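Me: I'm new to this structure and I'd like to learn how to read it. Could you walk me through some of the features?

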Amino acid sequence: MTHSISIAENLSAIQSRIGAACERAGRSPQEVRLIAVSKTKPFSAVQAAQAAGMVDFGENYVQELTEKIHAWQALPPQAQQPVRWHMIGHLQKNKVKYLIGNVALIHSVDSLTLAECIEKEAAKQDTLMNILLEINAAAEESKWGFSLAEAMDAARAVASLPHLRLQGLMTSAPFTEDPESNRPYFRSMKELSREMHSQGLFSLGLEPFPFPILSMGMSGDFEVAIEEGATMVRVGTSIFGTRDYSSK
Ligand SMILES: *Cc1c(COP(=O)(O)O)cnc(C)c1O
């Protein structure tokens with residue numbers, strides 16, 4: 001059962017909150033792309049969001065992502081609404097091969113061995129892969145990603161891999177009732193990204209993402225993230241409702 005009306009309404013509410021946050025920050029809403037995080041939700045929910053104009057979808061689990069890609073491919077061509085898939089969850093090396101050629105951007109590159117594995121698979125398939133480095137900006141024990149201190153060296157190493165296009169950075173800030181408490185983390189992400197950009201470490205000007213990417217902000221804190229410079233926000237619950245993990 002899809003709640004296509006509420007999904008459309010939720011999307012339009014999110015878009016206006018994005019617009020308001022941009023206005024507060026003196027930014028253009030064109031600089032901020034909304035990624036609809038559809039993990040644990042059925043493909044019909046993706047279709048409802050597509051009907052409301054969404055193109056970019058984020059998924060955390062390779063198996064679930066693959067199932068949704070297959071569901072899309074099984075549609076008659078005239079029913080295939082445009083879609084770009086984003087891998088945003090921790091990625092195991094043995095699953096990398098399923099993503100190359102199928103996803104527009106891997107947000108969650110959290111180790112050099114993973115980056116090297118993506119490089120190898122992309123080379124094998126003679127293609128380029130767009131990636132972000134995941135940064136554990138708040139140094140949480142439970143989170144994946146490079147520390148702020150490791151990030152520059154990691155970016156230099158990754159920028160030298162010929163089949164990867166490093167396009168920016170991603171972070172998941174701590175879960176909190178008070179989004180203001182995440183502002184300093186978003187701010188340090190912006191500083192780090194500016195530094196990497198000034199050192200020429202990002203591959204930019206390339207479709208479909210011709211801008212430096214700062215992927216940060218979720219349902220609880222995307223407005224603060226936008227005020228601090230996010231160019232991609234990853235929103236799930238506020239679009240699709242709460243998630244049920246009981247079948248996972
Ligand atoms: C689930 C998830 C999101 C979306 O979170 P919501 O709070 O539901 O908006 C964003 N980013 C990552 C990495 C996630 O795992």
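**Helices, a ligand and two backbone details**

Reply: Let's begin with a helix pair: α5 and α6 cross in a right-handed way. Keep in mind that this is a predicted model.

Me: At what angle do the axes of α5 and α6 cross, and how close do they come?

Reply: The two axes, of α5 (residues 148-159) and α6 (residues 183-198), come within 11 Å and cross at roughly 25°. Angles under 35 degrees count as roughly parallel, and α5 and α6 are therefore roughly parallel to each other.

Me: Which residues make the contact between them?

Reply: On the α5 side you'll find L148, A151, M152 and A155, and on the α6 side S188, L192, E195 and M196. Sorted by class, the residues of this contact are six nonpolar, one polar and one charged.

Me: Let's try another pair. How do I read α2 against α3?

Reply: Look at the axes again: α2 (residues 43-51) and α3 (residues 62-73) come within 10 Å, crossing at roughly 60°. An angle that falls between the roughly parallel and roughly perpendicular ranges, 35 to 65 degrees, is oblique, so α2 and α3 are oblique to each other. Their crossing is right-handed. The contact is built from F43, V46 and Q50 of α2 together with K68, A71 and W72 of α3. Its residues split into four nonpolar, one polar and one charged.

Me: What about α1 and α2: at what angle do their axes cross?

Reply: Roughly 50°, with the axes of α1 (residues 4-25) and α2 coming within 9 Å. That angle makes α1 oblique to α2. The crossing is right-handed here. From α1, the contact takes S4, I7 and L11, and from α2 it takes A45, A48 and A49. By class, that gives five nonpolar residues, one polar and no charged ones.

Me: Now the ligand. Which residues come nearest to the ligand?

Reply: A good habit is to list the surrounding residues and then look at individual atoms. There are 13 residues around the ligand, and K39, N60, S219, T237 and R243 come nearest. Zoom in on N60, where a polar side-chain atom sits 2.7 Å from an oxygen atom of the ligand. T237 also places a polar side-chain atom by a ligand oxygen, at 2.5 Å. For R243, an N or O atom in the side chain is 2.8 Å from an oxygen atom of the ligand.

Me: And the backbone? Which residues does a cis peptide bond join?

Reply: For this one, look at omega. The cis peptide bond joins E207 and P208, and its omega is about 0°. To find the spot, follow the chain out of α6: P208 is in the loop between α6 and β7 (213-215).

Me: Phi is another backbone angle. What is the phi of T40?

Reply: It is near 70°, a positive value in a residue other than glycine.

Me: Where does T40 lie?

Reply: T40 is in the loop between β1 (33-37) and α2. You've met α2 already, as the helix that crosses α3 at roughly 60° and α1 at roughly 50°.

Notes
Residues numbered from 1 in each chain as written. Predicted model: local features only at pLDDT ≥ 70, side-chain atom pairs only at ≥ 80, totals over all residues. Heavy atoms only, no water. Axes fitted to C-alpha atoms, helices over the stretch in contact; angles between N-to-C directions. Helix = DSSP H or I, 4+ residues; strand = E, 2+ residues; numbered from the N terminus. Parallel < 35°, antiparallel > 145°, perpendicular 65-115°, else oblique. Left-handed = near helix turned anticlockwise from the far one by under 90°. Contact = heavy atoms within 4.5 Å. Nonpolar A, V, L, I, M, F, W, Y, C, P; charged D, E, K, R; others polar. Near = heavy atom within 4 Å. Polar contact = N/O pair within 3.5 Å; in protein donor to acceptor, adjacent residues only side chain to side chain.
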